[in-house]
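Student: I have a new model on my screen and would like to get to know it. Could we walk through it together?

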Amino acid sequence: AMATQTDAQVEALMPDTAAPVAITMGDASGIGPEIAAMLFRDGDARGCFIVGDVAVMRRAARLVDPLLPVARIDAPEDVRDVAPKCIAVMEPGGIDVALASVPPGRIDARAGAAAARCIERAVELARARRIAAIVTAPIHKEALAAAGMKVFAYHAATQEEYNRHIEMALAHKPNIIIDDGGDLVGLIHSTRPDLGEEVWGGCEE
């Protein structure tokens, strides 16, 4: 059997000084915003907030639960003033003002750029010690590439091509790693520990 805790029990375990967790909204054209909204709907995002676009999250909330509220916050510390199950959203700045008009299910450079900016802003907050951790909602490699991000991957690559892509990524001395499968992280630990000192954070995609 799985033990469960009430909201009151969870809150009692969290000290007043506990830093919140930032959840980046992911690709606005994909499932990321809806997955994040479900966490709040189900009460599983206590002490968390979204780094993303308010209008996109309102669109996602309507799909998940028409009564699910969304509130804009200006700082991570504002999370404690937001009602339970209300989606707190901190906008990162520098994203398309009409992002919510991006059609779902399509590769769009605006969505890719926004997803990248949300991750960048979350990392800035983490480095400033204003948040405890970062969770990234699903992103799309092709949308990131369309936005001008360096992406070394494509579908159905051979093992040789895959290994070359990893080496190409390492040549850029990354400081944030979003790794599908953990091979890049493993390689840094095993053969390129010199790169580890420059890595601020990592995530399994």
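Tutor: Happy to! Keep in mind that this is a predicted model. Let's begin with the largest pocket, which is lined by 33 residues.

Student: Which residues of that lining lie nearest the centre of the largest pocket?

Tutor: The lining of the largest pocket counts 33 residues, and the space inside is about 1,200 Å³. Nearest the centre of this pocket lie K150, V151, F152, I176 and I178.

Student: Which element gives the most to the lining of the largest pocket?

Tutor: Several elements take part: α4, α5 (141-146), α6, β6 (176-179) and α7 each supply at least two residues of the lining. With six residues, the one that gives the most is α4.

Student: How far apart should the ends of helix α6 be at 1.5 Å a residue, and what is the distance in the model?

Tutor: Helix α6 covers residues 159-171, which makes 13 residues. At 1.5 Å a residue they should span 18 Å. The C-alpha atoms at the two ends agree with that, since their separation is 19 Å.

Student: Do the buried residues of α6 lie on the same side or on opposite sides, and what arc do they cover?

Tutor: The buried residues of α6 are H165, I166, A169 and L170. They lie on the same side of α6, because around the axis they cover an arc of only 135°.

Student: Which element do the buried residues of α6 pack against?

Tutor: Look at the two faces in turn. The face turned away from the buried side of α6 carries the exposed residues E160 and A171. The buried residues of α6, for their part, pack against α7 (183-190).

Student: Which residue with a positive phi follows α6?

Tutor: Just look past the helix for a backbone phi near 50°. The residue there is K173.

Student: Now α2, please. What arc do its buried residues cover around the axis?

Tutor: Helix α2 takes in residues 32-41, and its buried residues are G32, P33, A36, A37 and F40. They sit on the same side of α2, because the arc they cover is only 130°.

Student: Which elements do the buried residues of α2 pack against?

Tutor: After α2 comes G43, with a positive phi near 75°. The packing partners of the buried residues of α2 are three strands and a helix by their labels: β1 (21-24), β2 (48-51), β4 and α3 (54-64).

Student: Are C48 and C118 buried or exposed?

Tutor: A residue counts as buried under 20% relative accessible area. C48 has 12% and C118 has 0%. A search of the whole structure finds zero disulfides. By the cut-off, C48 is buried, and C118 is likewise buried.

Student: What separates the C-alpha atoms of G93 and D53?

Tutor: G93 lies in the loop between β4 (87-90) and α4 (109-127), and with a relative accessible area of 37% it is partly exposed. G93 and D53 are 40 residues apart along the chain. Their C-alpha atoms are separated by 8.9 Å.

Student: To finish, what share of the contacts in the protein join residues at least 24 apart?

Tutor: The protein has seven helices and seven strands, and from the N terminus on they run α-β-α-β-α-β-β-α-β-α-α-β-α-β. Of its 205 residues, 36% count as buried. Among contacts between residues at least 6 apart in sequence, the share joining residues at least 24 apart is 66%.

Technical notes. Residues are numbered from 1 along each chain as its sequence is written. This is a predicted model: local features need pLDDT of at least 70, side-chain atom pairs count only at pLDDT 80 or more; totals for chains, interfaces and linings use all residues. Side-chain values use heavy atoms; hydrogens and water are left out. Helices (H or I, at least four residues) and strands (E, at least two) are DSSP runs, numbered from the N terminus. The expected span of a helix is 1.5 Å times one less than its number of residues. Buried means under 20% relative accessible area, exposed over 50%, partly exposed in between (1.4 Å probe, protein chains only). The arc is that of the directions from the helix axis to the C-beta atoms. Contact means heavy atoms within 4.5 Å. A disulfide is a pair of cysteine sulfur atoms within 2.5 Å. On a 1 Å grid over the protein atoms alone, a cavity is a set of points where a 1.4 Å probe fits but cannot get out, and a pocket is an open set with protein on both sides within 12 Å along at least five of seven lines; lining residues have an atom within 4 Å of a point. Grid points are joined across faces, edges and corners, and a volume is the space filled by probe spheres set on the points.
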